[in-house]
Amino acid sequence: MQRDIGKPLFDLLLVIASVAAFAVSTTLPNIEIVGDLSPAFFPKLISVLVFVFAVPCLIKDFREWQAAGAGIESARSSRGIVQWFLIVALSLIYILMFERLGYIVSTAIFTFCCVVGLLLAGGTWRELTAARRAKGLAGAGVFAVVLAVVIFYVFTELFEIPLPS
């Protein structure tokens, strides 16, 4: 069994981020915007849910990491590092293009690049045939567009929260 610290670190990052998000959301004003909900309701709800689900994952992944021993495969760990840097870089690019391109376009591009980039960085892409690669690219494109449109609709129509378009 290989010892991979990535999962427990990611879980710890989620726990810390959820606590920080909850703390920040408590500073939002307590005014009614839509119905009986204040602007802080959804950030608080999401941060609590992330915390509740991340803590058991952190415990489980940390125990697995401890039980794995000292064997680390260098190729796998270097792929993990590349994947982490890829996601951080894509997230920064997403933040920069969000206002210029609007929510739907920037989110679709971000999602597509994340899916394809993780396939490339993880080494899975090389194992696929040309037909499977084309099918995978088409599927990733459809997934990215559908995800962006559905999330845009949920926020703008159901929650009545405007997003850049």
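**Figure 1. Glutamate 64 and its salt bridge to lysine 60.** Glutamate 64 counts as partly exposed, at 37% relative accessibility. In this predicted model, the side chain of glutamate 64 meets that of lysine 60 in a salt bridge, with a distance of 3.5 Å from N to O. Both residues belong to helix α2, which covers residues 41–68. Lysine 60 and glutamate 64 are four residues apart, about one turn of the helix.

**Figure 2. The salt-bridge network of Lys60, Asp61 and Glu64.** How many salt bridges are counted by the rule applied here? The count comes to two. One of them joins the side chains of lysine 60 and glutamate 64. Because the salt bridges share partners, Lys60, Asp61 and Glu64 are joined into one network. The side chains of lysine 60 and aspartate 61 meet at 3.1 Å, again taken from N to O. Is lysine 60 buried, partly exposed or exposed? Lysine 60 is partly exposed, because its relative accessible area of 43% lies between the limits of 20% and 50%. Aspartate 61, by contrast, counts as buried, with a relative accessibility of 9%.

**Figure 3. The surroundings of aspartate 61 in helix α2.** Aspartate 61 is found in helix α2. Its relative accessible area is 9%, under the 20% limit, and therefore the residue is classed as buried. Which residues does aspartate 61 touch, when those up to four places away in sequence are not counted? They are Lys7, Pro8 and Asp11. A further view of these surroundings is given by isoleucine 5, which is 56 residues from aspartate 61 along the chain. The C-alpha atoms of aspartate 61 and isoleucine 5 are separated by 8.6 Å.

**Figure 4. Aspartate 11, a buried residue without a salt bridge.** Aspartate 11 is found in helix α1, which spans residues 6–25. The residue is buried yet has no salt bridge. Which side chain of opposite charge is nearest to aspartate 11? It is that of lysine 60, at 6.9 Å. A salt bridge requires a nitrogen within 4 Å of a carboxyl oxygen, so a separation of 6.9 Å does not qualify. Leaving aside residues up to four places away in sequence, aspartate 11 touches Ala54, Cys57, Leu58 and Asp61.

**Figure 5. Serine 25 and its contacts.** Serine 25 is also found in helix α1. At 2% relative accessibility, this serine counts as buried. Residues up to four places away in sequence are again left out of the contact list, which consists of Ala40, Pro43 and Lys44. Serine 25 may also be viewed together with serine 47, which is 22 residues apart from it in sequence. From C-alpha to C-alpha, the two serines are 8.9 Å apart in space.

**Figure 6. The largest nonpolar core.** The largest nonpolar core of the model has eight residues: Leu90, Tyr94, Met97, Phe98, Tyr103, Phe110, Cys114 and Phe152. Which elements give two or more residues to this core? They are α3 and α4, the latter covering residues 103–122. The largest share, four residues, comes from α3. Phenylalanine 98, one of the core residues, touches Tyr103, Ser106 and Pro164, not counting residues up to four places away in sequence.

**Figure 7. Threonine 111 in helix α4.** Threonine 111 lies in helix α4. Is this residue buried or exposed? With a relative accessible area of 9%, threonine 111 is buried. Among residues over four places away in sequence, threonine 111 touches Phe143, Ala144 and Leu147.

**Figure 8. The whole chain, as context for the close-up views.** The protein chain contains six helices and zero strands. Read along the sequence, the pattern is α-α-α-α-α-α. Of the 165 residues, 21% count as buried. Among contacts with a separation of 6 or more, 69% join residues that are 24 or more positions apart. The accessible surface comes to about 11,200 Å², and 73% of this area belongs to carbon and sulfur atoms. The mean pLDDT of the chain is 83, and 90% of the residues reach 70 or more. Where is confidence lowest, and where is it highest? Confidence is lowest in helix α3 (residues 74–101), with a mean of 81, and highest in helix α6 (residues 130–158), at 91.

Technical notes. Residues numbered from 1 in each chain as written. Predicted model: local features only at pLDDT ≥ 70, side-chain atom pairs only at ≥ 80, totals over all residues. Heavy atoms only, no water. pLDDT = per-residue confidence, 0-100. Core = buried A, V, L, I, M, F, W, Y, C linked by side-chain atoms within 4.5 Å. Buried < 20%, exposed > 50% of the residue type's maximum accessible area, 1.4 Å probe, protein only. Contact = heavy atoms within 4.5 Å. Areas by Shrake-Rupley, 256 points an atom, 1.4 Å probe, with all protein chains shown as cover. Lys, Arg positive; Asp, Glu negative; His and termini not counted.
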